[in-house]
Amino acid sequence: VRLVESGGDLVQAGGSLKLSCAASGINLRINHMGWYRQAPGKERELVAAISIDGGTVYRDSVKGRFSISRDTGQNTLYLQLNVLKPEDTAKYYCAACFGVLSACKPLTSWGQGTQVTVSS
């Protein structure tokens with residue numbers, strides 16, 4: 001299994017980014033998938049998850065601003081980040097996950113992640 005995240009950048013508060021997670025060795029059609037993030041000195045946290053049937057969940061702090069989606073033909077997971085805030089600054093990771101979607105537990109090893117930095 002290989003998950004390669006990309007799309008992170010330095011942006012000003014209020015800006016937007018679209019993160020991508022290219023997956024190989026795993027089929028996004030038959031796995032729950034999640035985006036996680038880890039800020040310096042903090043634990044990694046679930047940001048958003050999408051279920052096998054396309055249902056989505058978001059942590060409260062990103063609801064209405066972030067959107068998770070997938071392209072099963074390209075086997076790629078996406079996270080659209082809008083109205084970015086400095087507190088969104090973190091390294092973002094994707095993973096297949098399992099369990100209750102709102103607490104989807106990572107199933108695959110972490111990739112290198114992609115850094116999102118939001119300046120105020």
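In the predicted model, Asp 88 is a buried residue, with a relative accessible area of 1%; a residue counts as buried when this value is under 20%. Two salt bridges of Asp 88 are described here, one with Arg 65 and one with Arg 37.

In the pair formed by Arg 65 and Asp 88, the closest N and O atoms are 2.8 Å apart. Arg 65 is found in the loop between strand 6 (56-58) and strand 7 (66-71), while Asp 88 belongs to the loop between strand 8 and strand 9, so the salt bridge ties together parts that are 23 residues apart in sequence. Arg 65 is likewise buried, its relative accessible area being 8%.

The side chain of Arg 37 also meets that of Asp 88 in a salt bridge, with an N to O distance of 3.1 Å. Because Arg 37 lies in strand 4 (residues 32-38) and Asp 88 in the loop between strand 8 (76-81) and strand 9 (90-98), this pair joins parts that are 51 residues apart in sequence. Arg 37 has a relative accessible area of 6% and is therefore buried.

A further salt bridge connects Arg 37 with Glu 45, the closest N and O atoms being 2.7 Å apart. Glu 45, at 25% relative accessibility, is classed as partly exposed, whereas Arg 37 is buried. Side chains of opposite charge can pair when their charged atoms come close. The pairs described above belong to a network of salt bridges that links Arg 37, Glu 45, Arg 59, Arg 65 and Asp 88. In total, five salt bridges were counted in the model.

With regard to charge as a whole, the protein carries 13 positive and 9 negative charges, and the mean positions of the two sets are 2 Å apart.

The secondary structure consists of 11 strands and zero helices. The radius of gyration is 13 Å, close to the 14 Å given by the globule rule for 120 residues, so the protein is as compact as a globular protein of that length. Along the principal axes, the C-alpha atoms fill a box of roughly 40 × 25 × 25 Å.

Of the 120 residues in the protein, 42% are buried. Among contacts with a separation of 6 or more, 57% are made by residues 24 or more positions apart. The exposed surface of the protein amounts to about 6000 Å², of which carbon and sulfur atoms supply 48%.

How values were computed. Residues numbered from 1 in each chain as written. Predicted model: local features only at pLDDT ≥ 70, side-chain atom pairs only at ≥ 80, totals over all residues. Heavy atoms only, no water. Helix = DSSP H or I, 4+ residues; strand = E, 2+ residues; numbered from the N terminus. Rg over C-alpha atoms; globule rule 2.2 N^0.38 Å. Buried < 20%, exposed > 50% of the residue type's maximum accessible area, 1.4 Å probe, protein only. Contact = heavy atoms within 4.5 Å. Areas by Shrake-Rupley, 256 points an atom, 1.4 Å probe, with all protein chains shown as cover. Lys, Arg positive; Asp, Glu negative; His and termini not counted. Charge placed at Lys NZ, Arg CZ, Asp CG, Glu CD. Salt bridge = Lys/Arg side-chain N within 4 Å of Asp/Glu carboxyl O.
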